[in-house]
Amino acid sequence: MSKQSILPLFLLVVATCASTGAVSTKSVSGHEEKELDPMVGRRVMTIEWGAEFKLSKDIVGIVELGKVYTVDGVNGDWYHFRGKYGWMKKDFVIPVEKAVSYFTAEINQSPEAKNYHHRGIAWRERGEYDKALRDIDFAIKINDQEASYHNSRGTVYHRQEKYENARENYDNALALKPNNIGFLNNRGIAYRELGDFENALRDFNEAIELAPNYAYAYGSKAWLLSTASDEKYIDGKKAVELSKTACELTKWKEDDLLGTLAAAHARVGDFDQAQKWLKSAVTIDPGKYPEMRKKMQDSFEDNKPFAK
């Protein structure tokens, strides 16, 4: 999708455990009742690189700092997140609204480039993009050889829909780290939003070639083949195939990829399947992309493929 998860670097590929996120309490009558943990439904952000998802003792995924999730289960010192696999230690995350203060304290202790970069990510996740750019710009001024800083600045411009600025920053990131699949996917999406479908496909294909299990590149390519404004690039049958691969790799739990599958089915005229998978996407994350998903639903009900 045009605003898909922007920074996925590792893929989690195991089934999730069930969790209610409930804790036991005693009612006035003395009967035990279930009360929802206050963290359920809250957005949290990872505050360390290499935050781990686990099932039992096995590490099933590793993600970078700045990833934002919604808590949907709590079990002691562990959180489970909506649409994700495995559990993460509470120590790896902090509520989004507290992240800026957390990294400000880190800067006060050690005014290093990485801490300004981290606070910039926190500002980004609060939607305060000018402040995010200020901090990330300063991090780059201190150390312009760190590829992730350029990538992060690109993601801020991306959210501002300044796609040419985003592309330039992804170029800088890839010049420093040429084979990073996340950077390639990001630049491909920027090219796609600029209408440069040829270069977008080149980046998506390269990411897939480098990492055949990287689901998001399949999804990004499928979205282009389903929704491109130039009919030359439309290929609904291939989009369905790519979308299914992406969903299989993520165990049918990633709402962005399910939405992409919906768009692909609509492109081949299968509007029942399109509505089914769009509903599944909305169920996983009801608050994401409300305007776009409403337009998709309207298009499908009218038996039309979705076009931006």
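Start by selecting helix α10 (residues 255–267) and helix α12 (residues 290–301): α10 passes α12 in a left-handed crossing, a term for a near helix turned anticlockwise from the far one by less than a right angle, clockwise being right-handed. Helices here are DSSP runs of H or I with at least four residues, strands are E runs of at least two, and both are numbered from the N terminus. The model on your screen is predicted, so local features need pLDDT of at least 70 and side-chain atom pairs 80 or more, while totals for chains, interfaces and linings use all residues. Residues count from 1 along each chain as its sequence is written, and side-chain values use heavy atoms, leaving out hydrogens and water.

Stay with this pair for a moment. The axes of α10 and α12 lie 11 Å apart, at an angle of about 25°. Axes are lines fitted to C-alpha atoms over the stretch in contact, with angles from 0 to 180 degrees between N-to-C directions. The two helices are therefore roughly parallel (under 35 degrees; over 145 is roughly antiparallel, 65 to 115 roughly perpendicular, the rest oblique).

Now show side chains. On α10, pick Asp 255, Asp 256, Gly 259, Ala 262, Ala 263 and Ala 266; on α12, pick Arg 293, Met 296 and Phe 300. These make the contact (heavy atoms within 4.5 Å). By class, they are five nonpolar, one polar and three charged.

Next, add helix α11 (residues 271–284), whose axis comes within 9 Å of that of α12 and crosses it at roughly 160°. That makes α11 roughly antiparallel to α12, and this crossing is left-handed. Select Phe 271, Ala 274, Gln 275, Leu 278, Ala 281 and Val 282 in α11, which meet Arg 293, Met 296, Gln 297, Phe 300 and Glu 301 in α12. Here you will find seven nonpolar, two polar and two charged residues.

Last stop: the aromatic rings. The whole structure holds 10 aromatic pairs (ring centres within 6.5 Å; planes under 30 degrees apart are stacked, over 60 edge-to-face, the rest tilted). Zoom in on Tyr 69 and Phe 81: their ring centres are 4.8 Å apart and their planes at 10°, so the pair is stacked. Tyr 69 sits in strand β6 (residues 68–75) and Phe 81 in strand β7 (residues 78–81), 12 residues apart. Tyr 69, at 5% relative accessibility, counts as buried (under 20%; exposed is over 50%, partly exposed in between, with a 1.4 Å probe and protein chains only). Phe 81 is buried at 0%. Finally, add Phe 53 and Tyr 79, which form one aromatic cluster with Tyr 69 and Phe 81.

Notes:
Ala, Val, Leu, Ile, Met, Phe, Trp, Tyr, Cys and Pro count as nonpolar, Asp, Glu, Lys and Arg as charged, and the others, Gly among them, as polar. Rings of Phe, Tyr and Trp (its six-membered ring) pair if their centres lie within 6.5 Å; planes under 30 degrees apart count as stacked, over 60 as edge-to-face and the rest as tilted.
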